[in-house]
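Student: Could you take me closely through one part of this model, the aromatic rings that pair with one another, and explain what each pairing rests on?

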Amino acid sequence: MRNFTMFKITLTIALLSLFTLSESQTNIAPNAIAAHSGGGATIYGPQNYNDLINIGGSTTPWGWVSSNGWIEYTWPSPITTNEVVLYPADRPLTSGTLEYWNGSGYTFIMNTGSGVNTVPLSLTFPPVTTTKIRINNVAGSNPNHTEILVYQAILAANNATVLSVDSPAAFCEGTRNIMATIANHGTNIITSVLVNWTLNGTPQIPVAYTDTLDTLQGSGPNSALVFLGSNLFGSGVTDEIVVWTSLPNGVADGYPGDDTVTALVQPSLSGNFTIDPLGSGGFNYLTISDAIDDLNSFGVCGPVHFDVAAGTYSEQMTLGEINGASASNTITFAADSAGVIVEYGPSSTADNWVLNLNKTQWVTIDGFTFQHSSGGSSSYRALCLMDGG
C-alpha cells in the first residue's frame, strides 16, 4: 500500500457559491443532440452537456471543448427559446458568441460574456425559433461545463419572474438585508407587480414594485433588485427564503411556472470547530466531508480552525475556492496528536485522488496521512492540485 504523509500543507482564495434553486421554464436541452468541435470525448464528451447529471459544481462528469471551438445542440423539430444557461465547472469560458440556425446559416444572438467557476451564466434574449443553437468561438483554457440548459420560451403577455435571491450570501451571523432580482419575461411592459416572500415557511409582508420593467426586446431595464426585508441569521442555522411574483400589471401571471425561487442560506463559518465521529453539539462535524461541504457552500467570514479527532476517515476531501478566505481569514485542519488517516479507494481513473485541492488558498492541513484504501485501483493520487487551467 502506497501512502503519502502530509505533516503540513499551507496553501493560499474564494468561492462564490450559489444557494438558489429555481422553478422555471421547461429545459428542452435533453431533447437535442449535443456536439462540439474537438475536445473531450467518452467520459468528457458533449453528451455531458445535456444529460441532467451533476448540474453545477466543479466535479465530473463534464464536457470540455478546445479553445476557440463550438458547442452545438440540434433538435429534430423547431423549438422556441429565449434563455440559455451555462454551468461551468472549473474552467469557464472567457468569451463566446451565441448563435441560432436560420435555415441556411447561423445568425448572431449575443455575446456570452465571461463565465465564473461553478456559477451559472444565464443568457436571455428575444425569442428565436430554430432547430439549432450553438456557442461559437468558445475562448478560454479548454472550457468545461457540467450542463448547458436551453429553456423553452413562454410567449405570455404579462409574465413576471424572480431570477434570484441575491442576499444575504457569504455573510457573518447577524441581521442582514434580504434582496431578490425580479424581471419581465412577458411581451407587455410591466408597470406594477407584487413580490411575495416567506421565511422558513412564514409569510412576510409583500412588496409592491411599481417601477417599469421593459420587455426583453425593449431598450429599458428588464430586471430590478428589490429589497424585501431583513432577518437575524444565526451561526450554523440554515434558513429557507422563498420569493415569488404575482399580479403583473394587476392581472394573473400568464406563466406562473417561472415565478418562484427558493434560497437556502446560512452564515459563513468563523471560529473553532471539532471534527469527531463520536462528538456532538452545534460546533462539531461528524465527518471531514461535512465540514468541507459547509466551507465550499457558505465560505468563511473569519479565521476557522478544525480540531480533528484521531482515527481513520474513509472519505475523499475535495476543497474548492473558499469564499472569504484570505491572509486574515485562514482555514486550519489540525490533526489530533495521535494522528489522522484519510483513505479512499477510487473506482475509476476519473476520481483517483484522496485529497483534491481545486484552486484552494489560505488553507493549512497539519498532521494528516493520505492513502489508498485496500482493494481499490493501484493507480491513484494521494494529492491532486488543480488551478482551473
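Tutor: In this predicted model, Phe306 has a relative accessible area of 0% and is therefore buried. One of its ring partners is Phe333: the two ring centres lie 4.8 Å apart and the planes meet at 20 degrees, so this pair is stacked, the cut-off for stacking being planes under 30 degrees apart. Because Phe306 belongs to strand S20 and Phe333 to strand S23 (residues 331-335), the stacked pair ties together parts that are 27 residues apart in sequence. Phe333, too, counts as buried, because its relative accessibility is 0%.

The structure holds 10 aromatic pairs, and another of them joins Tyr285 to Phe306, with ring centres 6.0 Å apart and planes at 65 degrees, so that this pair is edge-to-face; planes have to be over 60 degrees apart for that description. Since Tyr285 lies in strand S19 (residues 284-285) and Phe306 in strand S20 (residues 300-308), this pair ties together parts that are 21 residues apart in sequence. Tyr285 has a relative accessibility of 11% and so counts as buried, the limit being under 20%.

Taken as a group, Phe273, Phe283, Tyr285, Phe306 and Phe333 are linked by ring pairs into a cluster.

Aromatic rings in this model also meet charged side chains: the charged end of Lys132 sits over the ring of Trp101, at 4.8 Å from the ring's centre, while Arg134 lies over the face of Tyr106, 3.9 Å from the centre of that ring.

Key
Residues are numbered from 1 along each chain as its sequence is written. This is a predicted model: local features need pLDDT of at least 70, side-chain atom pairs count only at pLDDT 80 or more; totals for chains, interfaces and linings use all residues. Side-chain values use heavy atoms; hydrogens and water are left out. Rings of Phe, Tyr and Trp (its six-membered ring) pair if their centres lie within 6.5 Å; planes under 30 degrees apart count as stacked, over 60 as edge-to-face and the rest as tilted. Helices (H or I, at least four residues) and strands (E, at least two) are DSSP runs, numbered from the N terminus. Buried means under 20% relative accessible area, exposed over 50%, partly exposed in between (1.4 Å probe, protein chains only). A charge sits over a ring if NZ of Lys or CZ of Arg is within 6 Å of the ring centre and within 35 degrees of the ring normal.
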